[in-house]
Structures are given as C-alpha cells and as structure tokens.
Amino acid sequence: MKNIKSILVALFAVMIFSWLLMVTRFEYVGDETRFNRLSGGISVLLEEEGWTSLARENDKFTWLKDFPEGEESNVTGTARFTGTTFKATIENNSDWKIDEIDFEVRIYSSADSTVLTRRYFTGKSLSELEGTPFTITKYIGNLPRIGDEQYFGWHIPKIRGHLYSGKHGE
C-alpha cells in the first residue's frame, strides 16, 4: 500500500511539473509575438497562417516558409531504424536552408504488406550550419516499432526554411 501511495504521489508531482512547464512554455512579447522558452524560438501570429516560426540567420530573424516545389525535389536522403530510433541522413542540394523537415514513417507487416501504423516527427536544424545548401544533415527521432515482423517506408511531406544567403556547402 505504501508503494502505491508513493507511486501516485510521484505521478501527481510529474503531472503538476509538466502542466507548469507547458503553461509557462511561451512568454508573450505582445498580442502577436511570443517567445518559446523551451526552444528559444520566436513565433508571430499571422492572420492567414496562424502562429509562424522565425529562423535566426546572422543575428537577423527570417520567416520560415514551405520549400518551393522545385527546391523540394533537390532534397534527398536515406533512413534506417536502430532499435526504436529512426535515423535519416538528408542531403540538401537546394538553394534553401532546411530549418524544419517533417517525416512520415509507415510501418508495414512483413506477412501481408499492410500498413500497421504511421509515425510522424519533425526534425529541426539546430545550428547555423545544419541544413544549409549542399550539406548532409542527420535527423533523429524516437519512433517505436511494433514488432520484429515488419519493415518500414518513409517520405518527407513538408520542408520549411528560407532562401539561404550565406556561403553554400559550409
């Protein structure tokens, strides 16, 4: 009985901590600007798009935009699972910097090739050099697999970033 009470108290404390963390996640600078305390990013509320992130380049903020179709086709890569970790190696041969890249991973049954589930995650370029044109960047996400009798496929539904003005390939 004592162990159950201790576990319940610990769960309650974790829930309270998580709630406080989420409540204080954003610091609102104004009605239309907010600062994300967890990631350090800045978002601006736009009428049509909703909250839109800004990227930092050379101490200036740049709007994150969806990659143009012609530039998306210049982003290729490979991926694999290591345990429950999905690792993608992305080669950016476009003129745009990748700030965020969405991945969709489909898990298939080896027995009959049916889709068992889909997993999603967004990889973020965390440094100034990651995701720049003519570079290779690794993105890692924890995507638990269902079982051993399966295989996966993946694709990139959306890439967000900005036209890069720095030196390519650095």
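In what pattern do helices and strands follow one another along the sequence of the protein chain? I began with this, keeping in mind that the model is predicted. Reading along the sequence, I noted α-β-β-β-β-β-β-α-β-β-β-β-β-β, and my tally came to two helices and twelve strands.

**Entry: the sheet**

I next looked up how some of the strands pair, and I found four of them in an open sheet with the order β6-β12-β9-β10, paired in the antiparallel sense. The edges are β6 (65-66) and β10 (115-124), each of which pairs on one side only. I reminded myself that strands of a sheet pair through backbone hydrogen bonds, either parallel or antiparallel. Strand β9, residues 96-109, meets strand β12, residues 150-163, over twelve antiparallel bridges, and within this pairing I located W96 opposite L163 of β12.

**Entry: the core**

Which residues touch the most other members of the largest nonpolar core? The core has 16 residues, and I wrote down V75, F86, I90, I98, I101 and F103 as the ones that do so. The elements giving two or more residues to this core are β7 (75-82), β8 (85-92) and β9, with β9 giving the most, namely six residues. As a general note to myself, nonpolar side chains tend to be buried together in soluble globular proteins.

I then followed I98 and left aside its neighbours within four places in sequence; its contacts include F67, V75, I90, Y139, I159 and R160. For the protein chain as a whole, I noted that 28% of the 170 residues are buried, and that, among contacts between residues at least 6 apart in sequence, 59% join residues at least 24 apart.

**Entry: charged pairs**

My search of the whole structure gave seven salt bridges. In one of them R160 meets D102, with N and O 2.9 Å apart; this pair links distant parts of the chain, since R160 lies in strand β12 and D102 in strand β9, 58 residues apart. Both R160 and D102 are buried. K97 and D99 form another salt bridge, with 3.4 Å between the closest N and O atoms, and both of these residues are buried too.

Is E104, which forms a salt bridge with R106 at 3.2 Å between the closest N and O atoms, buried or exposed? E104 counts as buried because its relative accessible area is 8%, under the 20% limit, whereas R106, at 27%, counts as partly exposed. Finally, I traced one network in which salt bridges with shared partners join E100, D102, K124 and R160.

Key: Residues are numbered from 1 along each chain as its sequence is written. This is a predicted model: local features need pLDDT of at least 70, side-chain atom pairs count only at pLDDT 80 or more; totals for chains, interfaces and linings use all residues. Side-chain values use heavy atoms; hydrogens and water are left out. Two strands pair if DSSP finds at least two bridges between them. Helices (H or I, at least four residues) and strands (E, at least two) are DSSP runs, numbered from the N terminus. Buried means under 20% relative accessible area, exposed over 50%, partly exposed in between (1.4 Å probe, protein chains only). Contact means heavy atoms within 4.5 Å. A nonpolar core is a set of buried Ala, Val, Leu, Ile, Met, Phe, Trp, Tyr and Cys residues joined through side-chain atoms within 4.5 Å. A salt bridge is a side-chain nitrogen of Lys or Arg within 4 Å of a carboxyl oxygen of Asp or Glu.
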